[in-house]
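Work through the exercises below with the structure in view, and read each solution step by step.

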Amino acid sequence: MSLDMSLNNTSHLGRPGPEELVPSRYALKIGEIDVMVVSDGVLLLPGAMVAHNADPAVRAAWLEDMFLPPDAFDWALNVVVVRSGGRTILIDAGMGVEFPDLPRSGQLLHRLEAAGIDLASVTDVVLTHMHMDHVGGLLADGVKEQLRPDLRIHVAAAEVKFWEAPDFSRVSMPPGFPDALRRTAKRFVKEYRSQLRTFETEQEVAPGVVVHRTGGHTPGHSVVRLKSGGDRLTFAGDLVFQVGFEHPEWYNGFEHDPEEAARVRVRLLRELAANGELLVATHLPFPSICHVAVDGDAFRCVPVMWDY
Ligand SMILES: [Zn+2]
């Protein structure tokens with residue numbers, strides 16, 4: 001292996017597969033529940049997406065303080081696999097491979113395979129919401145055929161309803177995104193309608209695994225709460241972004257109801273800071289597992305120690 005290849009370890013050494021230099025998965029236990037965070041890769045997105053209600057100079061200063069480039073940076077894209085009570089649950093499904101502008105995402109399938117997780121073993125999918133970076137992986141070629149016919153896909157009823165006539169009036173997305181998001185959500189419902197198991201406010205998917213609707217980011221956005229023994233972990237989906245600890249009041253460009261998203265974010269971060277449970281979120285730097293601390297009017301993400 002040459003040095004320049006090893007520097008670019010989010011792409012592949014020759015081809016994707018078990019021999020990837022960095023396997024991009026991290027496992028932990030929450031009591032009796034097995035949890036694995038798997039990276040679907042990264043998304044290169046404009047820096048302005050971190051806040052469309054912030055003074056551009058303040059936003060630029062934040063990016064600089066974080067050693068992030070001013071124009072665009074790589075957002076993490078995390079997916080979680082949970083095993084509890086004999087069920088294997090995929091929480092979100094990554095981007096898939098149909099978006100040539102985002103070529104370094106869509107790594108989930110070969111990384112699941114490398115982790116020894118067969119798609120046919122997945123009993124449940126939980127969707128935090130129906131944006132394409134969360135459902136796209138289910139639309140990749142050959143995936144549906146490998147999934148079980150009795151697969152249950154849990155998603156808030158409000159989310160399915162929203163995508164029948166989605167409102168993009170309050171978002172601030174790069175051109176092309178609203179159309180791609182609309183198209184992907186429509187296609188997803190068309191392909192998987194008979195397997196959807198919708199819920200109103202919450203649903204227990206397996207022992208200690210509860211999906212709970214929060215709204216905000218999208219009307220049916222949901223988080224997944226894990227609880228076993230004395231341990232707790234919340235997968236927050238897109239409620240918390242990297243900037244959301246320091247500036248929870250900043251509106252992310254992908255939020256369909258940004259005020260409500262900010263309210264829900266602050267409420268969740270306060271709760272996690274108070275009860276000490278672990279947080280994982282889709283777009284926090286991999287493997288994203290941290291505790292939340294209160295820091296004046298804002299918060300801090302305190303990463304857990306890597307323990308392998
Ligand atoms: Zn997302």
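**Exercise 1.** Decide whether Cys 290 is buried or exposed, and how Cys 301 is classed.

*Solution.* Cys 290 has a relative accessibility of 0% and therefore counts as buried, where buried means under 20% relative accessible area, exposed over 50%, and partly exposed in between (1.4 Å probe, protein chains only). Cys 301, with a relative accessible area of 31%, is partly exposed. A search of the whole structure finds 0 disulfides, a disulfide being a pair of cysteine sulfur atoms within 2.5 Å.

The model is predicted, so local features need pLDDT of at least 70 and side-chain atom pairs count only at pLDDT 80 or more, while totals for chains, interfaces and linings use all residues. Residues are numbered from 1 along each chain as its sequence is written, and side-chain values use heavy atoms, with hydrogens and water left out.

**Exercise 2.** Find which residues coordinate the zinc ion, and where Asp 238 and His 283 lie.

*Solution.* Asp 133 (OD), His 134 (NE2), Asp 238 (OD) and His 283 (NE2) coordinate the zinc ion at 2.1 to 2.2 Å; donors are N, O and S atoms within 2.8 Å of the metal (3.2 Å for Na, K and Ca), and since water is not among the atoms, sites may look incomplete. Asp 238 sits in the loop between β11 (231-235) and α8 (258-275), and His 283 in the loop between β12 (278-280) and β13 (290-295), so the pair ties together parts that are 45 residues apart in sequence; helices (H or I, at least four residues) and strands (E, at least two) are DSSP runs, numbered from the N terminus. Asp 238 is buried at 3% relative accessibility, and His 283 is buried at 6%.
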